[in-house]
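Take a first walk through this model. We begin with one residue, then move to the cores, and end with pairs of packed helices.

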Amino acid sequence: MKFDNRLIFVLVAAIGIYAIFLFMSDYNVISEKISNFKINYLPLILLLVSVSWIPLIIKWHFLLKNSRINVPLTKSIAIFFSGSAFEITPGQIGILIKSQLLKTSSNISRTKTVPIVIVEKIYDLIGAILASVIGIIILGMEFYLIIIAISVLATIFFFMYHRRSSELVFNRITKLKFFSKYIDNMSEFYEVVKKSTNVKAATICILLALTYWFIISAAAYYTLIAFDVNLLDYLKVLAIYTTSTLLGAISFIPGGIGITEGSIAGLFTLNGVDISTALILGVMIRVLTLWYSVGVGFISLKFTGGLSLK
C-alpha cells in the first residue's frame, strides 16, 4: 500500500501523545519504574499477547468457512495479520484491507467479505462489553455501568436480529462513498450477514471474542506486575482494560490513541495507583498490546502483497 501523509501523521501523533504523557509524569518516577521493570516478565507478556490472537484467527477463519469462502489456512492467517496493521485507523476501518486482499489474491467478491469483516469487529465489541460486565459485576463496581453495558448489548443484538432495522443500518452504511465501492450486490451482502449472525455462529464467535479479551487482559495485568504494581487484581485490570479500549474505539480517533491510554491511567489512579505510574502503565500496556500487533501486521503486509495495493 502506498502510505500517504495520514499514516505518518498518526504515527507522529502517537509519539507526541506518549511524550506528553511521560512529560506529565514525575521524571524520577519514570526513571525508577523503568529501571526496576522486571524484564523476565516481558517474554510472558508478549507470549500472552501472541496467544490472544489465536481465538481471533479461529473466529476469522470460521466466519469465512461459514459463508463457504474457502481460503487456505496459511493465507487466511496472513490476511488476518495484515488487517492488524490498520488497527490505528479511525474506528479500525482500515481492516477492510482484508477484503481487498481476498479479492486480489483469490478473486473473492468484496460483497461477500466486507460484511464478514464488519460482523467480525461487532463480535469483538460484544466480547469486550461482556468481559467488562463480568469484571464490573464480580468486583461490585458502580451498578449504573452494568445498566449502560447491558443497554448497549441489547441495542447491538436488536440491530443484529431485527431484519428491517439491520437492513436500514446497512443500507445507510453502504450508501457512504467509502463503502459503496465495496458493495456490488446488496442481497448477497445481507445473505452473508445473516449466515454470520445466526445463533450458532454468534455463540461461537462471542465465546472466541471473550477468550481474546481474557487473555489480552492477562497481558495487561502482568505488565503491572512487571512494574511492581500489586494494587489491582486480574479482574479489576480486565474491567479497566476492556472499558478503556471501548472508550478509545467509540471516540473514532485513530487507534483510540490518547483516549485509551488516558482512560487506563485515569482508572488506575482511581484505584490507588499514583498518577505518574499510571501514565507510564497506560503507555506501556498499549505499546505491548496495540503496537506489537500493528508491527506484526506491517510485516504480514509484505507477504500478502498489501504494500503494493493502491
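Start at K98, which sits in helix α5, residues 97–106. The model is predicted. Is K98 buried or exposed? Buried means under 20% relative accessible area. K98 has 3% relative accessibility, so K98 counts as buried.

What surrounds K98? Leaving aside residues up to four places away in sequence, K98 touches W60, I79, F80, G83, V117 and E120. Look at F80 in particular. F80 and K98 lie 18 residues apart along the chain, yet their C-alpha atoms are separated by 6.8 Å.

W60, one of the residues that K98 touches, leads on to the nonpolar core. The largest such core has 76 residues. Which residues have the most contacts inside it? They are W60, Y123, L224 and F268. Helix α11, residues 199–226, gives the largest share of this core, with 15 residues.

Now follow L224. Again setting aside residues up to four places away in sequence, L224 touches V229, L232, V237, F268, L281 and I285. F268 appears here as a contact of L224, and F268 is also among the residues with the most contacts inside the core.

There is a second core, separate from the largest one. This second core has five residues, including I88, L290, W291 and V294.

Next come the helix pairs. Two packed helices are described by the angle between their axes and the distance between the axes.

Take helix α12, residues 234–250, and helix α13, residues 259–270. They pack at an angle of about 145°, and their axes are 8 Å apart. The crossing of α12 past α13 is right-handed. Which residues meet? From α12 come I240, Y241, S244, T245, L247 and G248. From α13 come I259, T260, S263, I264, L267 and F268. Seven residues of this contact are nonpolar, five are polar and none is charged. F268 turns up once more, here on the α13 side.

The other pair is helix α3, residues 42–66, with helix α14, residues 275–304. Their axes come within 10 Å and cross at roughly 65°. Here too the crossing is right-handed, as α3 passes α14. On the α3 side, the contact is made by L42, I45, L46, V49, S50 and W53. On the α14 side, the residues are L288, T289, Y292, S293 and V296. This contact divides into eight nonpolar residues, three polar ones and no charged ones.

Methods. Residues are numbered from 1 along each chain as its sequence is written. This is a predicted model: local features need pLDDT of at least 70, side-chain atom pairs count only at pLDDT 80 or more; totals for chains, interfaces and linings use all residues. Side-chain values use heavy atoms; hydrogens and water are left out. Axes are lines fitted to C-alpha atoms, for helices over the stretch in contact, and angles run from 0 to 180 degrees between N-to-C directions. Helices (H or I, at least four residues) and strands (E, at least two) are DSSP runs, numbered from the N terminus. A crossing is left-handed if the near helix is turned anticlockwise from the far one by less than a right angle, and right-handed if clockwise. Contact means heavy atoms within 4.5 Å. Ala, Val, Leu, Ile, Met, Phe, Trp, Tyr, Cys and Pro count as nonpolar, Asp, Glu, Lys and Arg as charged, and the others, Gly among them, as polar. A nonpolar core is a set of buried Ala, Val, Leu, Ile, Met, Phe, Trp, Tyr and Cys residues joined through side-chain atoms within 4.5 Å. Buried means under 20% relative accessible area, exposed over 50%, partly exposed in between (1.4 Å probe, protein chains only).
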